[in-house]
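I opened the model to look up a few local features and to note how each was defined. The entries follow in the order in which I made them.

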Amino acid sequence: MLWTKSHIPTLKEVPQDAEIASHQLMLRAGLIRRLGSGLYTFLPLGFRALRKVEAIVRDEMDRAGALEVLMPAMHPREIWDRSGRYESLKNVMFRIKDRQDRELVLGPTHEEIITDLVAREINSYKQLPCNFYQIQTKFRDEIRPRFGLMRGKEFIMKDAYSFDVSSEAADESYAKMYQAYVNIFRRCGLHAMPVDADTGDMGGSSSHEFMVPSDSGEDAILEADDGSYAANLERAEGYCDLPNEFPGSENPLEEVATPNVGKIEDVAAFLNVEKRQLVKTILYLADEKPVAVLLPGDREINEIKLGKVLKAATLEPADPETIRKTTGAEVGFAGPVGLNIPLIADRTLEGLRGGVIGANKTDAHLRNFDLARDSAINEFHDIACAKAGDLAPNRKGRFIEKRGVEVGHVFKLGTKYSVALGANFLDENGKSHPMVMGCYGIGVSRTLQAIIEQSHDENGIIWPASVAPYTVLITVLNPKDEASMNEATQLADTLEAQGVDVLVDDRKERPGFKFKDADLLGFPLRVTIGERGLAKGIVELKPRTASEFSEVPVQQAAETVLDAVRELREGLK
Ligand code: ATP
Ligand code: MG
């Protein structure tokens, strides 16, 4: 392919609205263009790369025995009512009406649609297990679409759904998909680590996210430094082994004036104590009734964990009015002593002595709090976010915190959707059971950008050979020189005949300008053909990752490039 016949609009300037490197590079290299918030066009080069990622995903899904289908992106509302998610997903769902005023949904995901299909198509144990997947556009009304393809309102997802006769059989389907994901990301040249994840709104029992470590990632991950465990911060279970006894623990509770000092940081500074020594008392409304949640002052509440402990249908932080009424004090001075509502304590508070608590009185705290002595709390739960420094579940490794981009997610779903949508099968004895499901998503467009986020330098993209829009770039220094162009065309033809895609830079631009673009575009191998070199009988070869060119005799150019391509591909198998 000739550069002058492709549309590759590279930009010199760093686009104003792009905050992270991969987003800037995708715009600068002419891979995507923005239409509106969270909406992007794939230009020819970007689309080529996307198709390569899709091909890898497809290949691994097929190998794992999943069958490709394509479901509608638009769904009647009723099917979402059957699972209750028309309501629970209302904040992310795009909802529309047709000319007859019928309500429709633009699919944010497809559990309901596939389960309804399978309920109609499959009814015997003999037809199970089965697994269907598709690669398709999803729609989500994200709160903050940003970072280009990382978080779009519209994005391309591969979603697969498995159906099994039993939980054990479903575990096998899950394991197969998990392995397929490991293969996919390896073949994409992407380092993606599986981490334990929460099952959130999906129902079901266990799940893993595949995270690409990156400072720009929107997810926090805690990883044990001995490699024994990694989990999404929302999910991570850590153990704090710091002593829980502080100075003053022998003394009785004592009120101290803390005028206008209600925030944890301020109280700690004012009383000159560690944040950890304070007890945060947060009021929630669980099913509209107030409960007080107690945490060490240096920890954040984990509402997912709290929700599981409380098992309430609704859970929200209490409003200031409720806080005033319940504690008799302004916000910032709540504490466990003398509070007549249920108290839920985080397990790190067990054994606390010498703590500082709110006095349920404006501008006052109590110190020397001994939890066992001064309160009736005797139940402790894991309701706080774990953090760096905590012990991992094996009580040996310690957590370090990383940020990551979630590129894939595998879930064991159980029977939530099969029960709601009637996906049952008859066993050997003619008895009916709900199918046991799993679901498996990959953000294909996000994966593409994550590859760039992980693989670039100050000059541009460094494409892994498996997903590069072209594998080889031939830069012709002077395209007016017929001999140079002939040599380039011949080399390109030979390589293409061997299944290597080639772009020939035939632009009438200065060599320096073309080299800059070559680095920006970041194809794995670059061949430079110039009059002076040809006179010596050589062309120059440079992998994107090397700093120097090597000279290759013209007659051996094709063979040398093919060897180099083979080597790159071998490394990504
Ligand atoms: P996130 O936590 O990032 O919002 P999610 O957990 O809601 O993602 P899933 O429902 O698990 O996402 O979707 C499967 C995959 O789709 C994700 O792992 C991610 O790679 C991708 N994805 C989800 N939302 C978006 C989006 N708005 N833009 C691009 N890709 C997305
Ligand atoms: Mg997810």
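I looked first at the contact of α2 with α12, where Gly-46, Ala-49, Leu-50, Val-53 and Glu-54 in α2 meet Val-444, Ser-445, Thr-447, Leu-448 and Ile-451 in α12, contact meaning heavy atoms within 4.5 Å. I sorted the residues of this contact into six nonpolar, three polar and one charged, counting Ala, Val, Leu, Ile, Met, Phe, Trp, Tyr, Cys and Pro as nonpolar, Asp, Glu, Lys and Arg as charged, and the others, Gly among them, as polar. Helices (H or I, at least four residues) and strands (E, at least two) are DSSP runs, numbered from the N terminus.

I noted that the model is predicted, that local features need pLDDT of at least 70 and side-chain atom pairs pLDDT 80 or more, and that totals for chains, interfaces and linings use all residues. Residues are numbered from 1 along each chain as its sequence is written, chains are lettered from A and ligands numbered from 1 in the order in which they are written, and side-chain values use heavy atoms, with hydrogens and water left out.

For the geometry of the pair, I found that the axes of α2 (residues 44-63) and α12 (residues 444-454) come within 10 Å and cross at roughly 110°; the axes are lines fitted to C-alpha atoms, for helices over the stretch in contact, with angles running from 0 to 180 degrees between N-to-C directions. The two helices are therefore roughly perpendicular, a term that covers 65 to 115 degrees, whereas angles under 35 count as roughly parallel, those over 145 as roughly antiparallel and the rest as oblique.

Is α12 enclosed or not? Ten of its eleven residues are buried, so α12 is largely enclosed by the rest of the structure; buried means under 20% relative accessible area, exposed over 50%, and partly exposed in between (1.4 Å probe, protein chains only). Among the buried residues of α12 I listed Arg-446, Gln-449 and Glu-453.

I turned next to Gln-136 in strand β7 (residues 130-139), which counts as buried at 7% relative accessibility. A polar atom of the Gln-136 side chain lies 2.6 Å from the backbone oxygen of Met-71, and the side chain also makes a polar contact with that of Gln-134 at 3.4 Å. A polar contact is a pair of N or O atoms within 3.5 Å; within protein, one must be able to donate a hydrogen and the other to accept it, and residues adjacent in sequence count only if both atoms are side-chain atoms. Leaving aside residues up to four places away in sequence, Gln-136 touches others including Leu-70, His-110 and Phe-155.

I then checked the backbone and found that the peptide bond from Leu-128 to Pro-129 is cis, with omega near 0°, Pro-129 being in the loop between α5 (111-121) and β7. Phe-147, in the loop between β7 and β8 (154-164), has a positive phi near 60° without being a glycine, and Phe-147 is buried at 9%.

My last entry concerns the magnesium ion (ligand 2), which Glu-406 (OE) and His-409 (ND1) coordinate at 2.2 to 2.4 Å. Donors are N, O and S atoms within 2.8 Å of the metal (3.2 Å for Na, K and Ca), and water is not among the atoms, so sites may look incomplete. His-409 counts as buried at 12% relative accessibility.
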